Amino acid sequence: MFDDFLVRATVAGIGVALGAAPLGCFVVWRRMAYFGDATAHAAVLGVALSLATSIPVFTGVLVVALSMALLITSLNGRGVAMDTLLGVVAHSSLAFGLVAVSFLNGIRVDLMSYLFGDILAVGHVDLIVIWIGALAALALTLWFWSPLLLSTLNPDLARAAGVNPKRQELILTLALALIVAVAIKIVGVLLIAALLVIPAAAARPLSQTPEVMAVLAAIIAVGSVIGGLQASLLIDTQTGPSIVCCAAIAFFLSHAVRPLLAKRF
Amino acid sequence: MRMVDVNKVSVSLGGKPVLQNVSFHLDAGEIVTIVGPNGSGKSTVLRAIVGAIKPDAGQVVMPGSLRLGYVPQKLHIDQTLPITVARFLSLPKKRSGAKIAEALSQAGVEGLERQQMTSLSGGQFQRVLLARALLEDPQLLILDEATQGLDQVGSAAFYRQVEDVRASLNCAVLMVSHELHVVMSASDRVICLNGHVCCHGSPETVASAPEYRALFGTGTQGALALYRHDHDHSHETH
């Protein structure tokens, strides 16, 4: 069944959606949307480096995304405001990446496929790598769910309960880098943050507890992947952006439904 | 029984000395309040006791088995994070419904389990934080400006609740406040802090100590201080 490119694309997309959705909840709760963006933009630099050194793109992106995330974490709180810092790091790593790509003489690089993803070109090996990466990110998030949640609520409260919030931040950063590295093939660098943030934000009005929000976000993300793939087939549109459009529609629908739900209580 | 021994603790934050040579202790069942102006290092002392800050010098000695309940300053929960009171109290350790109900009732807010944390009033929120600390079955309860943002009536009611809790659990209580008049009746001892321990003693003696009056500017400057304190430390940092 995996010989059909559409089946491979769907399965790959679902893998990334499942890994990204619970992580995306933390991105939303911790107001890290631009952090996700910065990590994702750094992926272009990772692509360029791995093409130049002929290591696998997944590895290159993972390494660069992780070091970028660590750089931001360690620079945070040293006299530069977080949004400024992210603005500098995100755009300069994107720019350096694009410049680095143009140095790659002799290698034809289809930059568009990295910027917007190329889900329909997912091969058998890609599928395995994507699922391993996504499952690893999901496992990290679920395994550390309680301490992550507590550190997100309040670092001092976490410390008093014997949880080290710095360590939790690091775990989150690692999971984020993993998702970015696998999602680059699905939605591309420019839209990875959307896949993290939008399903979680869409799930918010319908949720009473963090766990419900994470599950709903996963359902919305999977639905968006399937919907986006079908839509791109039916009306012949770019697949990655179509997936993000579906998630965005879910966001607007759930916020429109919220007042109706509120009346019930 | 000695609960906490803070022994000549000094802390610098960002190169700026916040605490210098601070020593005090807390015994079982005592309510001790630390008062001091903004920036006097009150919260830093608590953070050093909780273990959130490592002192540059000196040490905090506590029995290894000490169960500690911590009530932070009013904390902000982001609107994007949906969480019920019951779920909040079950973090990171899973708690039974009965335990949660009991803690909420001890804190004076029974029946709030299914409410969203973000929908609570300031007073309810602080009592839920108190309930959270009580779930640890604490031998030492630490409160950091727990009534910030509450009006005087709300603060007074909150501290009466803390007294009730102490009476029923027989735990020691260490709290930080900048409103001595509110915490006075509840405290056994008061420590006046301004980077170092300025004076300490019963609430009445601290309230009439010249150091306290110099810091807070209340009362007459030349009033006779009933409180005799040691002159073995300097005050030139004021």
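This is a chat about a predicted model with chains A and B.

Reader: Before anything else, which conventions apply here?

Author: Residues are numbered from 1 along each chain as its sequence is written, while chains are lettered from A and ligands numbered from 1 in the order in which they are written. Because this is a predicted model, local features need pLDDT of at least 70 and side-chain atom pairs count only at pLDDT 80 or more, whereas totals for chains, interfaces and linings use all residues; side-chain values use heavy atoms, with hydrogens and water left out.

Reader: How many helices and strands does chain A have?

Author: Chain A has twelve helices and zero strands, where helices (H or I, at least four residues) and strands (E, at least two) are DSSP runs numbered from the N terminus. Read along the sequence, the pattern of chain A is α-α-α-α-α-α-α-α-α-α-α-α.

Reader: And chain B, how many of each?

Author: Chain B has eight helices and nine strands.

Reader: What radius of gyration does chain A have, and what would a compact globule give?

Author: Chain A has 18 Å, which agrees with the value near 18 Å for a compact globule of 265 residues; the radius is taken over C-alpha atoms, and the globule rule is 2.2 Å times the number of residues to the power 0.38. Along the principal axes, the C-alpha atoms of chain A fill a box of roughly 60 × 50 × 30 Å.

Reader: What about chain B on that count?

Author: For chain B, with 238 residues, the radius of gyration is 18 Å, in agreement with the compact-globule value near 18 Å. The box filled by the C-alpha atoms of chain B, again along the principal axes, is roughly 55 × 35 × 35 Å.

Reader: What share of each chain is buried?

Author: In chain A, 52% of the 265 residues count as buried, and in chain B buried residues make up 51% of the 238. Buried means under 20% relative accessible area, exposed over 50%, and partly exposed in between, with a 1.4 Å probe and protein chains only.

Reader: Which residues of α7 in chain A are buried?

Author: In helix α7 of chain A, residues 145-153, nine of the nine residues are buried. They are A:W145, A:S146, A:P147, A:L148, A:L149, A:L150, A:S151, A:T152 and A:L153.

Reader: How much surface does each chain expose, and what do carbon and sulfur supply?

Author: The accessible surface of chain A comes to about 11,600 Å², with 71% belonging to carbon and sulfur atoms, and chain B exposes about 10,600 Å², with 50% supplied by carbon and sulfur. These areas come from the Shrake-Rupley method with a 1.4 Å probe, and for residues only the protein chains shown count as cover.

Reader: Changing topic, how many disulfides are there?

Author: The count comes to zero over all chains, a disulfide being a pair of cysteine sulfur atoms within 2.5 Å. A:C25 is in no disulfide, and the nearest cysteine sulfur, that of A:C246, is 19 Å away.

Reader: Is A:C25 buried or exposed?

Author: A:C25 counts as buried, because its relative accessibility is 0%. In the other chain, B:C171 is buried as well, with a relative accessible area of 0%.

Reader: Now B:K8, where is it and what does it contact?

Author: B:K8 is in strand β1 of chain B, residues 2-13, and counts as exposed because its relative accessibility is 51%. Leaving aside neighbours within four places in sequence, B:K8 is in contact (heavy atoms within 4.5 Å) with B:N21, B:V22, B:S23, B:A57 and B:G58. The C-alpha atoms of B:K8 and B:P55 are separated by 9.6 Å, although these residues are 47 apart along the chain.

Reader: What does B:S12 touch?

Author: Not counting residues up to four places away in sequence, B:S12 touches B:P17, B:V18 and B:D56. B:S12 also lies in strand β1 of chain B, and at 35% relative accessibility B:S12 counts as partly exposed. From B:S12 to B:K54 the C-alpha distance is 9.7 Å, with their positions 42 residues apart in sequence.

Reader: Last one, where is B:Q124, and which residues does it touch?

Author: B:Q124 is found in helix α4 of chain B, residues 122-134, and is partly exposed at 29% relative accessibility. Not counting residues up to four places away in sequence, B:Q124 touches B:V109 and B:L112.
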